Amino acid sequence: MLTVYKFGPAFGLPDLGPFVIKVETWLRMAGLPYRSELGDFRKAPKGKIPYAADGDRLIPDSSQIIDYLIEKHGDRLNDGRFGPKERALGLALKSLFEADLYFIFVYLRWWRDEDFAHVRPVIAQGMMAGGVPRFAVSPLLSFAQRQTRSMLKAQGIGRHTREEVYAMGRSLVDAASELLGDKPYFMDDAPSTLDTTAYGMLAPLVFSPPENPVKARALEKANLVAFCERIRDKYWADEPAA
């Protein structure tokens with residue numbers, strides 16, 4: 001059975017990490033059995049979570065995991081129903097969520113100490129569950145926050161003012177809402193792999209702290225909230241709130 005290595009549940013969501021939520025939601029939509037365990041960055045093929053194990057094979061990266069599963073088990077979500085233009089739109093939307101909104105999301109969680117305070121205890125708990133001694137947790141978390149801030153500066157988001165970041169985030173939320181429109185899912189009336197990406201990014205924004213203008217804008221978008229609730233209620237109803 002496939003094993004997905006993750007951070008751990010948080011804020012009533014299946015995981016703290018958007019890309020873990022993406023992979024697990026895909027597996028549930030595809031109806032494939034799997035198990036999950038806490039991940040270890042030291043054992044991860046690319047030093048990142050999620051990663052997965054299928055027998056002796058380790059698969060890094062959420063997209064590579066899904067591609068591997070499609071190759072092994074077939075097109076379980078029927079993504080092949082889309083033509084070239086729809087696939088191009090799907091790729092553009094994937095980039096909107098994973099390359100644009102993701103870095104806004106990281107900024108909203110990690111940049112300010114008062115925002116990081118919401119996720120710090122969850123990460124600390126996961127670290128100790130993974131074997132990190134209690135005395136080492138706080139220094140490691142402070143180091144991780146510094147490293148994340150440096151990454152955000154290198155990426156560019158960290159060079160903007162907070163209000164500029166909020167404005168960019170609101171624009172991305174507006175775009176996602178317009179593209180979803182009145183459809184139940186982003187491409188049509190049935191879920192696709194793109195929807196697992198969208199849910200992985202939008203659900204933590206909608207359902208978890210901290211409070212900020214980007215989250216407030218998302219909560220104003222009834223179609224985005226309904227989209228997140230639709231997937232949560234259909235595919236995650238069996239999971240107890242964390």
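## A turn after a helix

Which residue just after α5 takes a positive phi? It is Gly156, with a phi of about 125 degrees. This is a predicted model, and every value below is computed from it.

## Helix α5

Helix α5 covers residues 134-155. Its 22 residues should span 32 Å at 1.5 Å a residue. The end C-alpha atoms are 32 Å apart, so the expected and modelled spans agree.

Some of α5 is hidden. Ala136, Val137, Leu141, Gln145, Thr148 and Leu152 are buried. The buried residues of α5 pack against two other helices, α3 (84-110) and α4 (113-129). An α-helix has 3.6 residues a turn, so residues three or four places apart point the same way. Look for that pattern along the buried positions, for example at Leu141, Gln145 and Thr148.

## The sheet

Four strands form an open sheet with mixed pairing. Their order is β2-β1-β3-β4. The edges are β2 (34-38) and β4 (57-60), and each of these pairs on one side only. Neighbouring strands are turned by 25 degrees against each other on average, direction ignored.

Now take one pair. Strand β1 (residues 2-6) runs antiparallel to β3 (residues 51-54), and three bridges link them. Val4 stands opposite Ala52 in β3. A helix lies over part of the sheet: α1 (residues 18-30) crosses β1 and β2. The angle between α1 and β1 is about 155 degrees.

## The annotated N-terminal stretch

The unreviewed UniProt entry carries the annotation "domain: GST N-terminal" for residues 1-77. Over residues 1-77 the chain is 32% helix and 23% strand. The end C-alpha atoms of this stretch are 20 Å apart.

## Helix α7 and its kink

Helix α7 (residues 193-207) has 15 residues. From first C-alpha to last it reaches 21 Å, close to the 21 Å expected at 1.5 Å a residue. Yet α7 has a kink of about 25 degrees, centred on Tyr199. The helix is mostly covered, with 14 of its 15 residues buried.

## Unusual backbone spots

Most residues other than glycine have a negative phi, and most peptide bonds are trans. Here are some exceptions.

Two peptide bonds are worth finding. The bond from Ile49 to Pro50 is cis, with omega near 15 degrees. Pro50 sits in the loop between β2 and β3. Pro209 and Pro210 are also joined by a cis peptide bond, with omega about 5 degrees. Pro210 belongs to the loop between α7 and α8.

Next come two residues with positive phi. Phe11 is not a glycine, but its phi is about 60 degrees. It lies in the loop between β1 and α1. Asp61 is not a glycine either, and its phi is about 70 degrees. Asp61 is in the loop between β4 and α2 (62-73).

Are these two buried or exposed? Buried means under 20% relative accessible area, and exposed means over 50%. Phe11 has 26%, so it is partly exposed. Asp61 has 35%, so it too counts as partly exposed.

## Lys221 and its contacts

Where is Lys221? It lies in the loop between α8 (213-220) and α9 (222-235). Leaving out residues up to four places away in sequence, Lys221 touches Val173, Asp174 and Ser177.

Lys221 can also be placed against Leu77, the last residue of the annotated stretch 1-77. Lys221 and Leu77 are 144 residues apart in sequence. In space, their C-alpha atoms are 26 Å apart.

How values were computed: Residues are numbered from 1 along each chain as its sequence is written. This is a predicted model: local features need pLDDT of at least 70, side-chain atom pairs count only at pLDDT 80 or more; totals for chains, interfaces and linings use all residues. Side-chain values use heavy atoms; hydrogens and water are left out. UniProt positions are given in the numbering used here, feature names are shortened, and annotations may be inferred rather than shown by experiment. Contact means heavy atoms within 4.5 Å. Two strands pair if DSSP finds at least two bridges between them. Axes are lines fitted to C-alpha atoms, for helices over the stretch in contact, and angles run from 0 to 180 degrees between N-to-C directions. The expected span of a helix is 1.5 Å times one less than its number of residues. The bend at a residue is the angle between axes fitted to the seven residues ending there and the seven starting there. Buried means under 20% relative accessible area, exposed over 50%, partly exposed in between (1.4 Å probe, protein chains only).
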